Each structure stands twice: as C-alpha cells, then as structure tokens.
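Biologist: I have not looked at this one before, so could you walk me through it?
Modeller: Gladly, here it is.
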Amino acid sequence: MTSFCVCTGPGHQQTGYAFTHLSLQEFLAALHLMASPKVNKDTLTQYVTLHSRWVQRTKARLGLSDHLPTFLAGLASCTCRPFLSHLAQGNEDCVGAKQAAVVQVLKKLATRKLTGPKVVELCHCVDETQEPELASLTAQSLPYQLPFHNFPLTCTDLATLTNILEHREAPIHLDFDGCPLEPHCPEALVGCGQIENLSFKSRKCGDAFAEALSRSLPTMGRLQMLGLAGSKITARGISHLVKALPLCPQLKEVSFRDNQLSDQVVLNIVEVLPHLPRLRKLDLSSNSICVSTLLCLARVAVTCPTVRMLQAREADLIFLLSPPTETTAELQRAPDLQESDGQRKGAQSRSLTLRLQKCQLQVHDAEALIALLQEGPHLEEVDLSGNQLEDEGCRLMAEAASQLHIARKLDLSNNGLSVAGVHCVLRAVSACWTLAELHISLQHKTVIFMFAQEPEEQKGPQERAAFLDSLMLQMPSELPLSSRRMRLTHCGLQEKHLEQLCKALGGSCHLGHLHLDFSGNALGDEGAARLAQLLPGLGALQSLNLSENGLSLDAVLGLVRCFSTLQWLFRLDISFESQHILLRGDKTSSLSECPLEPPSLTRLCATLKDCPGPLELQLSCEFLSDQSLETLLDCLPQLPQLSLLQLSQTGLSPKSPFLLANTLSLCPRVKKVDLRSLHHATLHFRSNEEEEGVCCGFTGCSLSQEHVESLCWLLSKCKDLSQVDLSANLLGDSGLRCLLECLPQVPISGLLDLSHNSISQESALYLLETLPSCPRVREASVNLGSEQSFRIHFSREDQAGKTLRLSECSFRPEHVSRLATGLSKSLQLTELTLTQCCLGQKQLAILLSLVGRPAGLFSLRDSTRHTEKLSFPTLEACALGFKKK
C-alpha cells in the first residue's frame, strides 16, 4: 500500500491509500461489488461497460477502471459462486442474481454493432465468464467482415478472440490494419478454423512475425485469402512463408503488397505457384522489381499451367490464375513435375493475358519476350503500352503477331512509334490473316491490333475467356474474319506518304475486304487526288474515310468521279463543313453542309452520270436557293440510274413546292415527291416505267389560298397522280373552297389529304355541295374534332355511289337547311354518316323533311340514332320514327 494526501476542502487534507498495482485494486473493487450486500445488481451492472482502447497522445496507458468489467465478468463464472457466497456471509441468492445480471448485460452487448477495440474487450469478458452459451451468442453475432484498425493488440487479445471463434460455425474475415502487434501474436491463431480471410497491414510486422505466422497458417483449414501488406519483411521472413504456403492448398488469394521485397525474394515467392492449385490471385505490387526480373516473371506466367494473366503496370504486379481441369489431388501428387504430360496438355488448352505496361521495356526486351511467348500457350491479349519499344520494337512485335496466335488484342500504344515506322508496322502485319483491326493514331499515341479468332477456336470463345472477362472488360473485334479495318488516324500523313503506305497496305488485299480510315491527317487536295489514283491497287477495299483532311469542294467532287472507276464504291458521304468524307460500298452518295450552288450541282450531276446504279443521292446544306434547286431538278433526266434524291435539314424557299410539282411532268421516272416543312424533301424514282401511280406530298409548307390555283395547274399536268397530301398547311375555308373548285381538273385516282388546315363547318358543307361536280369521288370523310382530318378518296372511273362521313362537326340549327339542299342536289350520294355532329331528333326530322330526292335507297346514320335503306316515297312518313340503338 502507498499513502498520499487528498485535499478535501479549503485547508483540509486527509490521507489516502492505494495499492501499488492498480489491477489488484480493480480486482478488490470487483469483489466488493459482487459480495457486498450494500450494492444491488442495478448498481453493479453500471460498471459492466466496454472501454475503447484507441491509443491517444493524452492517454498512453490504461485507466483505473479499465479492467473492472473483465474482473466482474470473471467473478460472474459459476465456479466463483461458492467463494463469493462465503464472502457475502452465505447470501448465495444475492450473489447468483448479480452474476446473472452481469451475464445478461454481456448478452445485450454481444448483439450490438461494436468497434474493433470494444469487440476485443467483449471477447475478454465473455471468455472470463466460461459460459458456452454466451460465447456461442457472441461468436455468431460477430460480423462476417471484422476489422481491427489502429489500436495495439497483444497475444492475449488474439488468443481470447480465437477462443470465442471456436464457438462459431460460419467463416469470418479478420483485417488488422495499422495495429501494433507483438511478433508472436500469430501463434495465438493456431487451429482457428473459422478464419477465411486474414489480412495484416503494419510496418511493425517483421521477420519474427512472418515466422510465427508461417507456423499458424497450415492449421487454418478454411483460410482462402492471406494478406501481408505494408510490412518490413526481408528474405528471411519470406523464406518461412514460402515453405508454409504449399501446406495451405485451399488458398485462393495471397497479397505481399508494399513489402519492399528484393528481386530474388519475388522470384522465390512465384516459385510456389504450381503448389497452390486453387490460387486465383497473387499480388506482389509496390515492390520495385527490375526489367530482367519482370521477364523472369513472364516466363513463370508462360510455364505455370494455372496462370491466366500477368498484370504489371508501374508499381502494380499481379498474377491472376484459375484452377485447371485436373483435380487438386492430382496436382498435389506431383507438384514438381512441371514438364509432365498433363501440364503440357493444360498449357495448350489455356490462354494467357500478358500486360506489361509502363515497365521501361526496350527493343532487346521485346526480342526476349517474343522468343519466350512463342513457346508458350495461346495468348488472349498482349499489352505492352507505355514502354520504349519505338519503331523497331513495334515492327518486331507486329511481325511476331501471326506466330503468337493472339486471340483478341495486341496493344503497343505510347511506345514512340513515328510516321516512318507506320508503314513498317503495316507491312509486318500484312501476312497476318487473323488481324481484324489495326488502329494507329500518333497524336493520341495509339497502336492497337485487334484479332479475329481462328476457325478451330471459334466453338467456345466465351468459355475460354470467361475468367478474364469477369476481371477486366475486354474489347472484342466486331468484324468478321474475312474483313479487316485499318485506321491510320491523326498521324500527320501527307501526300508524300501515301504511295509507301498503299504499297504496304496492298499486301492485305488478298486476305479479305479492307476498310481504310485516313481521317484526321493532312492529305489535302493533292493527297486526295493521289489517293484516287492509288485506290484501284488496294483490291477489295470496302470503305475509305477521308474526314478532317482539309479537302476543298473540288477535291470532294474529284472523289465522286471514283464512282465510275471503282467497282466496290457505291456510297459517298460528304459533310463539307465538318469535313466528314466517307466512301463505302452501299450505293449511296451523300453531300451535306456543302455550298450547293448551281455550278457545283451541275458538276456533281455530270460526274455521277456514268456511275453504276442504282444510285442514291443525299444532299444537305443550310439553304438551297430556287436556282440551285431548279438546276438540280433539271439534271434529273440525265441520271437514269438514280433511285433516291434526298434533301435533309436544308432550308428551301416557299417556291420549292411548285418546282417539285413541276418535276412530276418533266421527269416521268419520279414516282413520289415528299416535301416536309420546307426542310426535308425526298424524291423516289421508279426503276421500271411500267410501274403506275405518282404520289406527292407538301406537308407543313405554309400553303394558303393564293397558292392553290398554281399548284393545281402544275399537278394537272401529271397524267397518273394517285395521291396528294396537303395536310398541315394554311388553306383555311377559302383555300379549301378554291381547291375543291379546281379538283375536276386534277387527275387524282387515289387519296387527297387536307387534314390540319384550320377548316370549319363551312368546308364540310361546301364539300357536300361540291360532290355533284366531282364524279370520280367515291368517299369523303371530315372530322373537325381533335383528329382534324379531311380526306377524299377517288376512283379512276366515275363513281355511281358516294359515301360522306362527317364527325364532330358541331352543326347548328341554321346549318340544317343548307345540309338538306346539298343532299337534294347530290344525287350520287348514297350514304351519309353523322357522328357527334350536335343534331338532335328535331333537327334530323327537319333535315329529312326538307330533302327532296327521287325514289331510291339512301342510308343515313347518326351516332345515337339510325335510319337505314329508306325509299324516298316513304321517307317523309318515317321522318319521326328514329329508334335508339
């Protein structure tokens, strides 16, 4: 005991006493709380708390009451009851109640979500109680991922945690990050079969720690992931782990990240790969290895039958593996026979992805790598981007591509390839018949080869690449084996480079259809002209992209001349302002954003005159003048192979409908004209002059009454007009009246659509009055409601019977007499349907009484009433006899 002075008030001091060892004082305090009759169980449970053990600068050691909950939990054990009852002078019931209260508090704490330090405190308390039921509850309540971050742990702490985990059935992941651990701490985990993932990250972990861990690892039967990152382990510590790892065949992932391992140590670690049949990932990142060691690791990846990928990028170094088809027992039976028949067969069936990015590889390294890969398995992908191969190294890899049997991609981006080296790469891959796409962009430092699979490998590509696809997104080729795409974009290519490039590309022509992309270069007009001369030498060329090459309109029109010289060229897409120029093989010519003046259009049409057909021509510009449109339309008879002319997103003047209508009589091959909103015009041409019927539509063109007569006169010159669409214009009642007056002169044999033209009941009545003067009308329908439709159907010959359907016309009483007059005059009208036209029974009776027609059958239908097949001698008598449906 020690004594000290305690100030109890101003000028008053008393002597205090304490034990030299605070733990003894806490133990005696716990005895007092458990045995004293003056302390009830509610007061006692207030002391059963879990203290955080985070290390703080202001609190470097445990406090006075830090062990008190643990002592109380220990005294709550059943084995302590006789002793405590003796201290309590035989009051066993009181002691039992206090012990039960402590256990009950611990049960509540066990079901809560606790921080790492409190989990450790709880495990100590639960272990002290020696209650299996409480230990089981605690173990089952622990989360699947149990992290311990940045607080000190002792061997006793881990031993206590292991004791609790023995009562757990489910696996658990333990993550110790930044926790100061004693060197022999891992020994406390011996035999802990519940641990599935075990991770340590601390600079406090050294060789002694690694040695202790190596003794524990083989006893953890469920361990699948081992992480030992950010430690200070040298070759001595790693040697113990390397010996222990083969004794853990169930391991699926091992990480030695950031351990400052030497090159030889890394090589020692990878030697264990053949002995871990279920391993899927080995992480050796942030360990600063040299290029020669990296090549040795590549050899391991080639020879080890379970390796599927080696990923090295600056500090990253990762092996990805997948188990072979052989069973684990078979692999363990002969782990050292790397050249056995079974493994040789597995090497042939597997595929390897090799990514050595930003690893400072040079030309001589490329030569060594090629020699190594030629003896290895089939390659899924080889990525050497970000190295220092330059022109010669890129050429060597391109030449070796056909021998390496790469299934998907070879990436040589950012390796210092120059313009001079481009043609060497092209010549090198000309004999590689599996190449599907080559993309070179010197500006973006891109050099990527995409390959199509060989025929014998196409049966199960998904199965072969399933493992890698689950780890990293791939970029498979979309082109068939018989087609390849060469993209030489943004390479600064000029006219002087073309001959050499085309000569190199010529070697690819015999391997299938070729798609060539020269966009983003500096060819100019001279380059375009020179390329037009070289195109025939490229054989089965299917498309050519010359966008963003600074071409003038003259050069563009010069490209159009290729239509008549190249058998493959059927489509030309040109967007002049945005410099989009594409030649391809689907029989269409498109010019957009071009200054389409009359001289240019004349030259364009003269150039297209000798092109093979059928031909489609698509033009687009901001505004096309009447003179330009007239020039274009005048040239149409000179293009007998033209099947489609389209003006899209092009402003046209209000005169354009009349110019297009006039074309119907000037060019007999036109079978359809469609003009929409004065911005989109389409002309379809018939391929056989025996085809009948001409359709024209001028919708949304702001046509009004003043345009009707001129338009009808132009349409009347067309001999075989089957359909006219004038919907969505501004005709109104006056324009429609004018149009109906002109109808007898317009030879329409099909449909006239006048919908959405702002018409009223006046137009419906006038239509009824006009029917006698239009003998070829067979049916007319008007809807003045939300549908706003107005359609008239014609026949080629005079129609004996006519049908009129009026819907939602909202007729008023003053319209009845005019309706009756129209019905009386329209003798050919045999059927009239009124739908929701606001005519009641009285108005219908008046209507029928006013109708004067000769004897015969006439059908009148109403939406709510009907009278059918009434002969006119008896019509008046039946006028009031309507029946409801």
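Modeller: We can talk about the rings, the core, a loop residue and a surface patch.
Modeller: Residues are numbered from 1 along each chain as its sequence is written. This is a predicted model, where local features need pLDDT of at least 70, side-chain atom pairs count only at pLDDT 80 or more, and totals for chains, interfaces and linings use all residues, while side-chain values use heavy atoms, with hydrogens and water left out.

Biologist: How many aromatic pairs are there?
Modeller: The count comes to 5 aromatic pairs, where rings of Phe, Tyr and Trp (its six-membered ring) pair if their centres lie within 6.5 Å, and planes under 30 degrees apart count as stacked, over 60 as edge-to-face and the rest as tilted. The rings of Phe-148 and Phe-176 are stacked, because their centres are 5.1 Å apart and their planes lie at 10°. This pair links distant parts of the chain, with Phe-148 in strand β3 and Phe-176 in strand β4, 28 residues apart; strands (E, at least two residues) and helices (H or I, at least four) are DSSP runs, numbered from the N terminus.

Biologist: And is Phe-176 buried or exposed?
Modeller: Phe-176 is buried, with a relative accessible area of 1%, where buried means under 20%, exposed over 50% and partly exposed in between (1.4 Å probe, protein chains only). Phe-176 also forms a stacked pair with Phe-200, at 5.2 Å centre to centre and 10° between the planes.

Biologist: Which residues do the ring pairs link into a cluster?
Modeller: The cluster holds Phe-148, Phe-151, Phe-176, Phe-200 and Phe-209.

Biologist: What about the largest nonpolar core, how many residues has it?
Modeller: It has 256 residues, and Phe-148 and Phe-449 are among those with the most contacts inside it; such a core is a set of buried Ala, Val, Leu, Ile, Met, Phe, Trp, Tyr and Cys residues joined through side-chain atoms within 4.5 Å.

Biologist: Changing topic, where is Leu-223?
Modeller: Leu-223 sits in the loop between α9 and β6, and it is buried, at a relative accessible area of 0%. Leaving aside neighbours within four places in sequence, its contacts (heavy atoms within 4.5 Å) include Ile-195, Leu-217 and Leu-251.

Biologist: Last one, which helix does Phe-27 lie in?
Modeller: Phe-27 lies in helix α1, residues 22–35, and it is partly exposed, with a relative accessible area of 30%.
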